[in-house]
Amino acid sequence: MRCGCIYWVDKMLNKSFYHLGVLIAKHPGYFIIIPVLLTMLCMTGYQQLKYQIDPEYLFSPVNGEGKAERAIVENYFKVNYTHRFNVGRITRPGRFGRVIVIPKDGDENMLRREIFQELRHLDDLIQNATVEYEGELFTYKDACARWENECFQNDILNLDFIMDDIESGELNLTFPIMFNPVTWDAHAFPVFFGGTKLTEDNIILSVPAIQLVYFVTADTKRQDAKGAEWEETFLKVVGKAENSGLFKHISVAYFASRTLDHELEKNTRTVVPYFGSTFALMALFSVITCMMGDAVRSKPWLGLMGNVSAIMATCAAFGLAMYCGIEFIGINLAAPFLMIGIGIDDTFVMLAGWRRTPAKMPVAERMGHMMSEAAVSITITSLTDLFSFWIGIISPFRSVQIFCTYSVFAVVFTFVWHITFFAACMAISGYRERHNLHAIFGCKVQAMSVAIKEKRNFLYKAIMAGGINRDDPDNPVDNKDHMLMAFFKDHLAAVINNKWCKVFIILIFATYLAGACYGLTQIKEGLERRKLSKADSYSVEFFDREDEYYREFPYRMQVIITGDLNYSDPIVQDQIEELTRTLENTSYVTSSLYTESWIRSFRSFVDRNNDYLNLTIDDEQSFIDAVKEHWLFPGNPFSLDVKFNEDDTRIIASRFLIQAVNITDTNHEKEMVRDLRKICKDSPLNASIFHPYFVFFDQFELVRPTSVQSMIVGAIIMMIISFIFIPNILCSLWVAFSIISIELGVAGYMALWDVNLDSISMINLIMCIGFSVDFTAHICYTYMSSKKRSPKARVREALHSLGLPIVQGSTSTILGIIALLLAQSYIFLVFFKMVFLVIFFGAMHGLFLLPVLLSLFGPGSWQTWSGTDLGNDSDEVADVESPMKLSSMDKLNSYYLQQHTPLGLPGPYGPAKGFLGTPYKAYGDEKDLGIGTSGEDSSESSSSRSQRRQALEDEHTRRRYEEGWRRSSYHNLYTNSQSQFQPHTDLYGQQVTAQEWRARLDVEQEQRKRSALGMRAYDNFAADFMHMQRRQPTHTGDDIVDTPVSRIAAERSTPPSSLDERARRNYRPSIAAATAHSAGSGDDSSYHQQLSAAPPTTTAGSSVKRYHRRRSSEDSTRHYQRWPPSNIEERCARRYATTTRDDGAAYVPTHANSSPAAVNVYRPHPPMRSSSHHNLYYPNGAQQPPTYQYGGHYYK
């Protein structure tokens, strides 16, 4: 199911990384020094740090509707803090201080004399506090916001003049507005009283909380700076009074406009102390997980250098980003923890790739193989993370943009630093390992097998022994399998393959999905202000009291009407009135009693007093004159609600105020803003509604669609990337399913874990898209590309390859973010919760769910459903792609392929790995199996491979011998192409048609049907050898009689290969046994007696099907033995007998059961080819080319 059109990506990466690995091995010093110097150079960018802590700038949408509405208001009604300040008509928070006071003596009613005395004391402390700014001393009265040159005051404190009457019950306070009979102040109780308890007649019974507010001027930059200094003093004075126990009857919670700035800065400072401990923890984890019982192959220092590489990369990335002028925010400090986790994952991948290379290889070759095999795993992980962060850069929130920009830099640098700096460290460690030096102490040590042979003491064997014995590199004592890898293959796979466990896992998954879907219905949107503060911050208490006592009348909203309108026109007046009533009739706005409308109040004023005033307001000019003269005088706050043109002849803008009521939470706030805006848009007037907090509320409207859009786009991009690097359609579908499932789980369970959908969680949702691919894509690919027929065997192979790396990668990532949990900050706590969820769910999908689903619905699933799955590891699917891959590889590197044997024999440094022994990753047998591994063993150097090779060597020796001398002829027959390995037209130098070959094969197949198993080349070696001892080579004139002795004599002209020698050694016992038997036992019978206990590997099928079935040469030889040597020689003799032999000559087979009379029969001798596999395709003693395929030589 591969797609050849994009298969070149995999090949290109492997080839490029192979070259890079060899280059690094040749010059490791350059690849260490250059990254270190670049890191130091980039870190000078920290001098360009631009620290940003403005909450509105970071957490409100860049082009939010609230900012556009504020621009309209400020265009017509700019706030004047110095002379005409009104708290209900502000457009920005400005500089202010607020306190919410509640009683602490047990009595919930604040309307008491002792309470108001302490309130007066608190007010005096605030107003008389001395502030210094640029050498200038001032107090609140010097910098306060003013209305008509009067400092903004909390007139509610004037109730102390009538407090005795209130306590005695002689005077009742009427809600919501009441005039003070002593000072004649109009007290707006909803502004100051919180949680007020009323009678049915709106008489105040008790007041649990009182709020005091202080505003300072902020019209210019200097005033704003002075106001910031005053806020600092305000926070210090009030905090000191509260913390020192100055007040006996009241408890004070305080807040200022700079509080959120302070909290964001505190968030940054709280996580910094945990950097060192986190690095130490990660270093310890890396060192431990990279250690082994083998003192030479153990790599603790490389585990440490993996951390160093990630830290260097992150520091360099941040410095370069600062050089580019990108602002820095406190949230960015979460990125280093994530980058360390990503870097350690890459470390495990590269170390696993190194362990899979044969220890006998030169360091340069091992580095090339390691880099080649790690190419896809590292690249796909880095690309998915890179693209997920890139999606965040285009989000409408500055905080998301800045964080993702820094993360993109960090991901790129981490990738580059790992394939250069860390790879160079690996090369140095490789040279140490090649010289068998101790991993920690650096001294030369003995291999375990040698230490046992020499009877070294226990302490030496436990601490010092390691590496391999160069004289016996495949000794299993020196190549032990990893204990944890065996656990995943033998125990966890057995649990997953159990049918009842599969049912249990699916039920757990269904429960997981049900919980996630329920969580989606509980999602709350928006970033609450209190969550920007630390858990122990003074502001948390203030936010809690505000939510408890001041949610009944929370927001004073402004409705702005612009455009060229004739306000004297009754139709326009009715339209304004209709808009006002429509807004008041919603559930979000209280009654008209709290509405401030200049045109409604003016019309009411005219209706009441027109008999006395005798005003005419039918035309526009008379209407404007009357409004200016009788209503919009300077002392009236309504004068702030009408904007005239430059010559005061027309009204170009106006506004009125409405009061929100009973807004409970962020979802309610979102609905309120959306519905009120819709009412204004549906009005025939050009109207808009605004409140300073609407700028923050815009995130409620955008965060959901932006998150959904980002997740969909991200999932599609992840699927495309996975398909490019893992070109398998079914695998891509499983990856898409996993991404959707994991994202659904993260989004659902984050709501149940008290995480709102806001800009912070959106960062993590976007980031989690990339993280969700890491485990699932590679476990799918490993299962889908397995050659095992049995689903159980595929599950074992997948878990053996990826079980340990998944656990290592997930554990390292969680350990990397553990410090965020200790920071006691909502922002960093969200990072921890969501990264933990995505890593946990991803690991569970990879280790449990996907193996179950793939075994039920993947290749060979019919065996699972039918109950016929026996879990046979030896039953493999033939690699039908080998001929196609061979053709493509011929074009890629024909020179290299000519110099390596295609027989699957051991190369100069061990068994041929991959396809045709290519030194970079082959495309078939050796696949990149994902994170942490690409082969059978991801933790030990070739231990499983060595033992497996040793166990199967005897079984496959005879097959390999036969494959060598007949491979090329078979390849030509079935691929219809001239093999580049062929020096002759076919095996015997004859031109034969496909029909002739088919006819011969059909005859052979008829003979084969009598046997359950096929013959192999060496099955009759013992009998033939004993039979030839009785014969001598005979010459009759010029004719040559081909006897076994003559053939063996001819074969001695070429030195035998190591495989030949091993085969002969294996058959010496058979030769001795054959001596005791008569030659008449027969080849076929003896062969079947030897293999009678073994089950047939292939059922007999029709010759047509077996002929046309497309296979690689190696697999077809393994499963279908077409023509044993003796039979082909007989056919060749029969072919030549009709034309070239003597008339009296008759052909007699040369089997052991042949009669002696057949010895001297004429038989043509085919062109001789050496039996040595190394010289099979290089006749006449031609020297073989060097083994390095890219034009260089092996580097020792």
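# A guided tour, starting at a loop

Select N149 to begin: this residue sits in the loop between β4 (146-147) and β5 (150-151). You are looking at a predicted model, so every stop on this tour is a feature of that prediction. Check the backbone of N149 and you will find phi near 65 degrees, a positive value in a residue that is not glycine. Most residues other than glycine have a negative phi, and most peptide bonds are trans. Is N149 buried or exposed? With a relative accessibility of 55%, N149 counts as exposed.

**The disulfide**

Now select C144 and C151 and show their side chains. Their sulfur atoms are 1.6 Å apart, and the two residues form a disulfide. A disulfide is a covalent bond between the sulfur atoms of two cysteines. The count for the model is 1 disulfide. Both partners are worth colouring by accessibility: C144 is buried at 1% relative accessible area, and C151 is buried at 14%.

Other cysteines make a useful comparison. Go to C42, and ask which cysteine sulfur is closest to the sulfur of C42. That sulfur belongs to C324, and at 9.4 Å it is too far for a bond, because a disulfide needs sulfur atoms within 2.5 Å. C42 is buried, with a relative accessible area of 12%. Select C404 as well: its relative accessibility is 0%, so C404 counts as buried.

**A cis peptide bond**

Next, pick F175 and P176. The peptide bond joining F175 to P176 is cis, with omega near 10 degrees. P176 belongs to the loop between α7 (163-168) and β6 (177-179).

**A second positive phi**

Jump ahead to N662, in the loop between β16 (651-659) and α24. Here too phi is positive, about 55 degrees, although N662 is not a glycine. At 45% relative accessibility, N662 counts as partly exposed.

**Two helices that cross**

From that loop, continue into α24 (residues 666-682) and add α25 (residues 694-725) to your selection. Two packed helices are described by the angle between their axes and the distance between the axes. In this pair the axes come within 9 Å and cross at roughly 95 degrees. That makes α24 roughly perpendicular to α25.

To see where they meet, show side chains on both helices. On α24, pick T666, E669, K670, M672, V673, R674 and R677; on α25, pick F694, F697, D698, F700, E701 and R704. What is the make-up of this contact between α24 and α25, in nonpolar, polar and charged residues? The residues divide into 5 nonpolar, 1 polar and 7 charged.

**A buried isoleucine**

Move on to I763, in helix α27 (residues 759-784). I763 is buried, with a relative accessible area of 0%. Setting aside neighbours within four places in sequence, I763 is in contact with S399, V400, F403 and F831. Add I393 too: I763 and I393 are 370 residues apart in sequence, yet their C-alpha atoms are 9.9 Å apart in space.

**Zooming out**

Finish with the whole chain in cartoon view. The protein chain holds 41 helices and 21 strands. Of its 1196 residues, 58% count as buried. Among contacts with a separation of 6 or more, 78% are between residues 24 or more positions apart. Switch on the surface for the last view: the accessible surface of the protein chain comes to about 49800 Å², and 57% of it belongs to carbon and sulfur atoms.

Conventions: Residues are numbered from 1 along each chain as its sequence is written. This is a predicted model: local features need pLDDT of at least 70, side-chain atom pairs count only at pLDDT 80 or more; totals for chains, interfaces and linings use all residues. Side-chain values use heavy atoms; hydrogens and water are left out. Axes are lines fitted to C-alpha atoms, for helices over the stretch in contact, and angles run from 0 to 180 degrees between N-to-C directions. Helices (H or I, at least four residues) and strands (E, at least two) are DSSP runs, numbered from the N terminus. Angles under 35 degrees count as roughly parallel, over 145 as roughly antiparallel, 65 to 115 as roughly perpendicular and the rest as oblique. Contact means heavy atoms within 4.5 Å. Ala, Val, Leu, Ile, Met, Phe, Trp, Tyr, Cys and Pro count as nonpolar, Asp, Glu, Lys and Arg as charged, and the others, Gly among them, as polar. Buried means under 20% relative accessible area, exposed over 50%, partly exposed in between (1.4 Å probe, protein chains only). Accessible areas come from the Shrake-Rupley method with a 1.4 Å probe; for residues, only the protein chains shown count as cover.
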